[in-house]
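Me: Could you walk me through this one with a few questions and answers? I'm new to reading structures.

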Amino acid sequence: MIAKEIIIKTIRREETPRVAVALLSGGVWTFNRRGYSLRDILGKPELNAQIISETYDEVQSDMVWVGSGYHNLAIRALGGKIKFRTKGAPDIQEPLLNSLAEIGGIRLERIKEDQDIQSLWQAAEILSQKIGSQALVGSSQWGPFTLAGHIYGIEKLMRSIYKDRQAVFTVLEVATELCYQYLEPFITAGVEIISIADPSASGDLISREQFREFVLPYLRKIVAKLHQKGVFVSIHICGNITNRLDLIPESGTDVLSVDYKVDLSKAKEILGGKIALAGNMNPVGIMQNATVPEVIDACRECIQKTNGIPGYILMPGCDIPPGVPLANIQAMIETAHNTKLH
Amino acid sequence: MSSDQKELFVQLSDAVVDMDEARTVELAQDVITKNYDTYEAIEKGLADGMDRAGKLFEEEEYFIPELLMCSDAMYAGLEVLKPHLKVDQQAEKFKVVIGVIEGDTHDIGKNLVKIMLETSGFEVIDLGRDIPPQAFVAKAKEVGARVIALSTLMTTTMDGMAEVIRLLEAEKIRKKFVVMVGGGPISQSFADRIGADGYAKDAAEAARLAQKLALEIAV
């Protein structure tokens, strides 16, 4: 069975001959290890797709991500300031808005006019044609709550939960639409799964009740819109989200990818049979710093903890840093390939 | 201390925990009107409230929105009380130089640690975010800091923390400072590996650890 079939069956929680395995995002790692910064690749869709495709040949991840690391281009397109780094992804320098009154001035159509974002969509098209029959090609963007923080300022957003709830909802509406406007052309270009990363919705930052009120409805909305376009959806939230795992299926997502702070056995207990689950080797402690035998042990432990349910994808707990050795990624992939299921 | 005074300090502490900025200001003004000791009002009222908020955060009763609201109340109360502190009560405090390491602009964690450090009696010099390692060293030397506190959320910028320690060692001043590290991808084992003096998993713990380490260090 080819990789793409295995991953699709896994997402559908059907039985597969081996454990599915993939990187989460990996854009920074992919380009930095080849000596390119993310800025170097901007506006070069052929080079972008070629490097990702060559990395796929070396790594053989069941899912391949395009546009990973570039999420903040969407904020720049709307007038925000971002800073490119030699290593790592460009980060946002200040919130897009100084005050809520400015929100009416956000012109979401500027996303479609941004040439650098267009070049990512082109890369998605080239890559989908190149390897889309073998692997599941996907793209990603921040989730509504995280985007709302980028638009309004994360601390201001959090204070507004108490001081001005309506403002939070107003920003979240725009953030959700922004998320969709950025992602929709990737789907047109041929990607078949979308990953929504919502790190600001973590249990390390906000409460379960706040998650239920300010995160979940907007995740539900974006997932539904993406599903209408016929793609799979995966949600990733960093940090410890144990106390809200049971709420995640309400978003309608196909997959939840959990960080290393979540106990996979617990996640399996709560989510098994409801949605597919991915995770969760420590990106630094294991993927970057451990030896190959240690990586294999950590992967086996993850597989063992989720044993018995169809719908598990072996995956690092978060995006991986640029210093992760190729051998450790290959060890992860091989461990999954060597774990026969049915 | 009169029972009325004691009661007022408890109410101040409660107002901070309850995230009630207006009430905190009102109570702080009462302290001034009644001519109660402002230093004690800060310590037993405002700082106590923030300390309780920090504990609630550790117990996962409070999260970042609540901590921010509590700190707004605390700082508003502080604005009222500070001008009335007697000069001899403004004793010299241990100084902390804090910032987010170069390459990273996520500063919510750093801001929380700053709040908790100030609550615990440190004078905090906040360099901000995206700060080159050399700038930490230069500022710590300049102000005679006892603690250097480094934050990052990004895996790509963790190395900058090690660089701060390398620079201190190169200048043979490593032992003059307590170096503390924290942030999403940071762990005790990372702190040990780069030779940092301390790691804390959250802001409340960081402030306690800073107090402990700042007293232990032989200057």
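Here are some questions on how the pieces of this predicted model fit together.

Me: Which element of chain A gives the most to the side that touches chain B?
Reply: Start with the contact itself: 22 residues of chain A meet 15 residues of chain B. On the chain A side, β4 (91–92), α9 (154–163) and α13 (283–288) each supply at least two residues. The biggest giver, with 6 residues, is α9(A).

Me: How many residues on that side of chain A are nonpolar?
Reply: We're looking at the residues of chain A that touch chain B, and they come in three groups. Take out the 5 polar and the 5 charged ones, and the nonpolar group is left, with 12.

Me: Which helix gives the largest share of the largest nonpolar core?
Reply: That core holds 199 residues, and I313(A), L314(A) and V16(B) are among the ones touching the most other members. Chain B takes part through both domain 1 (3–88) and domain 2 (95–216), with at least three residues from each. The largest share, 12 residues, is from residues 165–188 of chain A, helix α10.

Me: Why would nonpolar residues gather like that?
Reply: V147(B) gives you a picture of it: this residue touches F94(B), V96(B), F177(B), V178(B), M180(B), A210(B) and A214(B), leaving out residues up to four places away in sequence. As for the reason, in soluble globular proteins nonpolar side chains tend to be buried together.

Me: Which element gives the largest share of the side of domain 1 of chain B that touches domain 2?
Reply: The C-alpha centres of these two domains are 27 Å apart, and 10 residues of domain 1 are in contact with 8 of domain 2. On the domain 1 side, α3 (38–58) and α4 (64–81) of chain B are the elements that give two or more residues. With 7 residues, the largest share goes to α3(B).

Me: Are the residues of strand β8 of chain A buried or exposed?
Reply: Check both faces of the strand, residues 255–258. V255(A) and S257(A) point one way, while L256(A) and V258(A) point the other. Whichever way they point, all of them are buried.

Me: What is the handedness of the crossover from β8(A) to β9(A)?
Reply: First, the neighbours: β8(A) pairs in parallel with β7 (232–237) of chain A over 4 bridges, and I237(A) has V258(A) as its bridge partner. Another 3 bridges join β8(A) to β9 (276–281) of chain A, also running parallel, with L256(A) partnered by L277(A). Between β8(A) and β9(A) the chain passes through helix α12 (264–271), and this β-α-β crossover is right-handed.

Methods:
Residues numbered from 1 in each chain as written. Chains lettered and ligands numbered in written order. Predicted model: local features only at pLDDT ≥ 70, side-chain atom pairs only at ≥ 80, totals over all residues. Contact = placed C-beta atoms within 7 Å. Nonpolar A, V, L, I, M, F, W, Y, C, P; charged D, E, K, R; others polar. Core = buried A, V, L, I, M, F, W, Y, C linked by C-beta atoms within 7 Å. Buried ≥ 20, exposed ≤ 12 C-beta atoms within 10 Å, placed from the backbone. Domains from an automatic or database assignment. Pairing = 2+ DSSP bridges. Right-handed = clockwise from strand over helix to strand, strands pointing away.
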